[in-house]
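Here's a quick look at the cysteines and the empty spaces in this protein. Have the sequence and the 3D view to hand as you read.

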Amino acid sequence: MLIEIDEGSGFCFGVTTAIKKAEEELEQSESLYCLGDIVHNGREVERLKCLGLITVEHADLEKLHDTQMLLRAHGEPPHTYDIAKKQNIRLIDATCPVVLNLQKRIKAAYNEGGQIVIYGKNGHAEVVGLVGQTEGNAIVIENLEDAKNLDFSHDIQLFSQTTKSLDGFREIVCYIEKNMHEGAKFNYFDTICRQVANRIPNIKSFAIKHDVVLFVCGKKSSNGKVLYSQCLSVNRNTYMIDDPSEIDFRWFEGVKSVGICGATSTPKWLMENCRDIIISKNTNYSKEF
């Protein structure tokens, strides 16, 4: 039986950079605070915790002072920077460059006036940072139904969370264009990260060529839920796990190939662990890299 790990799966650029910065800092000091989970994968968070990374939440900021803290790839609102300055917290800013650029564009658009609309998930860390650029006044829409409640008599500037679906964004753009009132202006900006968006067609191609697919992903990962559903849409024998202990070896009975893939928050080493555990249970396997 062939076991193949999807070469396109694993950390995106922003997550890779954030983890590298954390590891570099921890080589020089015994501990480092991180505001929120550095990545939505429990196993990777636990690995970094063993190295000295301490995860804290926004409610803890006022209690910390004279220390150092990592800001993860998702980005933060201006308020976080203000508190850190007041508390004398040295920030190691690992905000993804794509997210940072989006924050600047939204802030500039907000200063121009009109409705700022963000296609994204309410409460998601990146979206909280984006809304913060507008002093909390941006309107967040999660789907087409939300878009139908917008005020089409006033100017609208539409942006997107970097990890949202291209198809969903285009559907919303089309609807708003058709419903804008005369005299009101509509501008939209495709701010979806292509490194993430392009994974959908790639992972579907990967999933369809295997008898069984293991999708390795943390339960908190929004991106993981999207990619998993795409795999499942083309291969009904797709199973989501976040730990090798969840593997049911009955899934592999009589199959000729197994594909292992994951989200932008899934570490490569975890997918490799899944592969190695499958191999350890039976010698009738071959690897493909």
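What follows covers the cysteines, then the pockets, then the cavity.

## Ground rules

This is a predicted model, so local features need pLDDT of at least 70 and side-chain atom pairs count only at pLDDT 80 or more, while totals for chains, interfaces and linings use all residues. Residues are numbered from 1 along each chain as its sequence is written, and side-chain values use heavy atoms, with hydrogens and water left out.

## Cysteines

How many disulfides does a search of the whole structure find? Zero, with a disulfide taken as a pair of cysteine sulfur atoms within 2.5 Å. For Cys12, the closest cysteine sulfur is in Cys96, 6.3 Å away, which is too far for a bond. Cys193 is in no disulfide either: its nearest cysteine sulfur, that of Cys96, is 6.2 Å away.

Cys12 is buried, at 13% relative accessible area, and Cys193 is buried too, at 15%. Buried here means under 20% relative accessible area (exposed is over 50%, partly exposed in between; 1.4 Å probe, protein chains only).

## The largest pocket

The largest pocket holds about 360 Å³ of space. A pocket, on a 1 Å grid over the protein atoms alone, is an open set of points with protein on both sides within 12 Å along at least five of seven lines; a cavity is a set where a 1.4 Å probe fits but cannot get out, and lining residues have an atom within 4 Å of a point. Volumes are the space filled by probe spheres set on the points, which are joined across faces, edges and corners.

There are 25 lining residues, and Cys12, Val15, His74, Thr163 and Thr264 lie nearest the centre. Helix 1 (13–28) gives the largest share, three residues; helices (H or I, at least four residues) are DSSP runs numbered from the N terminus. By class, the lining has eleven nonpolar, 13 polar and one charged residues.

## The second pocket and the cavity

The second largest pocket comes in at about 170 Å³. Among the residues lining it are Lys164, Asp167 and Arg170, and helix 7 (166–179), helix 9 (199–208) and helix 10 each supply at least two.

There's one cavity of 30 Å³ or more, with about 70 Å³ of space. Helix 10 gives the most to the cavity lining, with three residues. Thr163, Lys164 and Val226 are among the residues that line the cavity; Lys164 and Val226 also line the second largest pocket.

How values were computed
Nonpolar A, V, L, I, M, F, W, Y, C, P; charged D, E, K, R; others polar.
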